[in-house]
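Reader: Please take one buried polar side chain in this model and describe its surroundings closely, then work outward from there.

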Amino acid sequence: PHVDPFDLVIFGGTGDLALRKLLPALFHRFVDGQVPAASRIIGVAREGLDDAGYRGLVRDVLADGGGASEQIDAFLPQLYYLPLDARKDEGWDTFAALVNEQPEHIRVFYLSTSPELFVDICNRLGANGLNGPNSRVVLEKPIGRDLASAMGIIEAVGRVFSEAQTFRIDHYLGKETVQNLLALRFGNALFEPLWNAGHIDHVQITVAETLGLGRRAGYYDRAGALRDMVQNHMLQLLCMVAMEPPASLSPDAVRDEKLKVLHALKPIDMRNSAQLTVRGQYKAGAIDGERVPGYLEELDDGQSSTETFVALKAEIANWRWAGVPFYLRTGKRLSARLSEIVVAFKSVPHSIFDATAGPLAQNRLVLRLQPDEGVKLWLTIKHPGPGGLRLRHVPLDMSFAEAFGVQQPDAYERLLLDVVRGNPTLFMRRDEVEAAWRWIDPILAAWGGAGELPRPYAAGSWGPSAAVALIERDGRTWNEDS
Ligand code: BG6
């Protein structure tokens, strides 16, 4: 589809997210012809680089990612760089002049910085007249570190950019499988009648990473897994599973339904957090046969009570979901990179089979986000051949790569172009961000109040044993065979 020329400014242009995700995503869109020739990508950060230095840096990253060198050569001339400090006046005139060279372009200001800088940057963009009708601002998560700071940021940014100009990104919403959840739930007659407490036993959402801290200690150690992953990505996934059918895919129809789910989450606080949450921190261990250091060893001062793992049991108090647990777990330095949503259906009410047939198992619908995106539906069938009726549990298995023979685009590719085109459906509205914090804050308070250290787990494991106990206490298990 056609895209008009645009200018995209990345604040934090030399940071981890810009280099690992944003620039490769833009490069892929460029290769597919969706970054028109006149478009400019302007990296901005405090480092004293120039255009050539920045292009060199980006070249290395794209080449490491397997980009073809002719295509990289063609892409790099669209990149520019300007040193700029959000907290100092110098350079902003030059920056405004550079942006104003293209008055007709859609302007996207992507704030890939710590949220503490969002307000300063927006104020300066406003003061330089860069918040006109063709400007849009993208805010990376997490917005703030609790409800109060998030509201402060949202209001201050809102004085410069209108809600329609503000895109609060949660890149999980750009993942192919997450959008596929909409297609599966609302494009098939099969699932929706069963999609409720009458037929669903529980839901599990796992986002497991093998990565550790990398270059991000400064940010991550102040955030922790609850703020980094649960407040945004995990709750958004939960909303997509649990929301009522929106009347259409219009931005507000979808976001209204997600908001209702967030409002219906049962509070977790001092009274119940010890039963419903587990926090962990990784120690040294091995992943794929390679030794990796513990979290504390990766920090400069070697001290921290920040969690790198969270498991929790959430519940949605409404008619559709009453009594259905949603088990969430996420962590760094786990055994494998694996993200999936598992919807486990209730067992059949009565077994007609005798003991020799083997046990009956639950039907499970597994939506795999990564790696190898796909959908599996676990069914019970008869083991083929004579020898009596023996039951087997096997999946109807669809890998998107096999079914469609295409590499899935990265979530950021889709979302960056949504911003350029001005489509906010897959971005978080202000009230969603606030509602998510409103649920998270009491958990943070309970943890702080209890003053407990996170439980240790070995890098390369599936987290602290308490996370297994959390689900096994209820007679259930984390999905193993996905
Ligand atoms: C980011 C978090 O939002 O998501 C990171 O800040 C995390 O800590 C990343 O590594 C995971 O994203 P993905 O797309 O690799 O699953």
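Author: In this predicted model, Q231 is in contact with L226, V433, A436, W437 and I440, once its neighbours within four places in sequence are set aside. One of these partners, V433, also takes part in a polar contact: its backbone oxygen lies 3.5 Å from a polar atom of the Q231 side chain. Q231 belongs to helix α9, which covers residues 225-242. Its relative accessible area is 5%, under the 20% limit, so Q231 counts as buried.

Helix α9 also appears in the surroundings of the ligand, where it gives the most to the shell, with three residues. The shell has 13 residues in total, and the closest are Y172, K175, E209, D228 and H233. By class, eight residues of the shell are charged, three are polar and two are nonpolar. Several side chains place an N or O atom at a short listed distance from a ligand oxygen. For Q370 the distance is 2.6 Å, for H171 it is 2.7 Å, and for K21 it is 3.5 Å. The ligand taken alone exposes 400 Å², and the protein buries 92% of that area.

The nonpolar interior comes next. In soluble globular proteins, nonpolar side chains tend to be buried together. Here the largest nonpolar core has 146 residues, and F11, L23, F95, F109, F326 and I341 are those with the most contacts inside it. The largest share of this core, 12 residues, comes from α9. The helix that holds Q231 is therefore the main contributor both to this core and to the ligand shell, by number of residues.

F109 can be followed further. Not counting residues up to four places away in sequence, F109 touches V9, F11, F95, V99, L125, L130, S135, R136, V137, V138 and F161. Two of these, F11 and F95, are also listed among the core residues with the most contacts.

S135, another partner of F109, offers a second case of a buried polar side chain. S135 is found in strand β5, residues 135-139. With a relative accessible area of 0%, against a limit of 20%, S135 is classed as buried. The backbone oxygen of L130 lies 2.7 Å from a polar atom of the S135 side chain. Beyond four places in sequence, S135 touches R107, F109, L130, F161 and Q165. L130 and F161 are on this list and on that of F109.

Technical notes:
Residues are numbered from 1 along each chain as its sequence is written. This is a predicted model: local features need pLDDT of at least 70, side-chain atom pairs count only at pLDDT 80 or more; totals for chains, interfaces and linings use all residues. Side-chain values use heavy atoms; hydrogens and water are left out. Helices (H or I, at least four residues) and strands (E, at least two) are DSSP runs, numbered from the N terminus. Buried means under 20% relative accessible area, exposed over 50%, partly exposed in between (1.4 Å probe, protein chains only). A polar contact is a pair of N or O atoms within 3.5 Å; within protein, one must be able to donate a hydrogen and the other to accept it, and residues adjacent in sequence count only if both atoms are side-chain atoms. Contact means heavy atoms within 4.5 Å. A nonpolar core is a set of buried Ala, Val, Leu, Ile, Met, Phe, Trp, Tyr and Cys residues joined through side-chain atoms within 4.5 Å. A residue is near a molecule or strand if one of its heavy atoms lies within 4 Å of it. Accessible areas come from the Shrake-Rupley method with a 1.4 Å probe; for residues, only the protein chains shown count as cover. Ala, Val, Leu, Ile, Met, Phe, Trp, Tyr, Cys and Pro count as nonpolar, Asp, Glu, Lys and Arg as charged, and the others, Gly among them, as polar.
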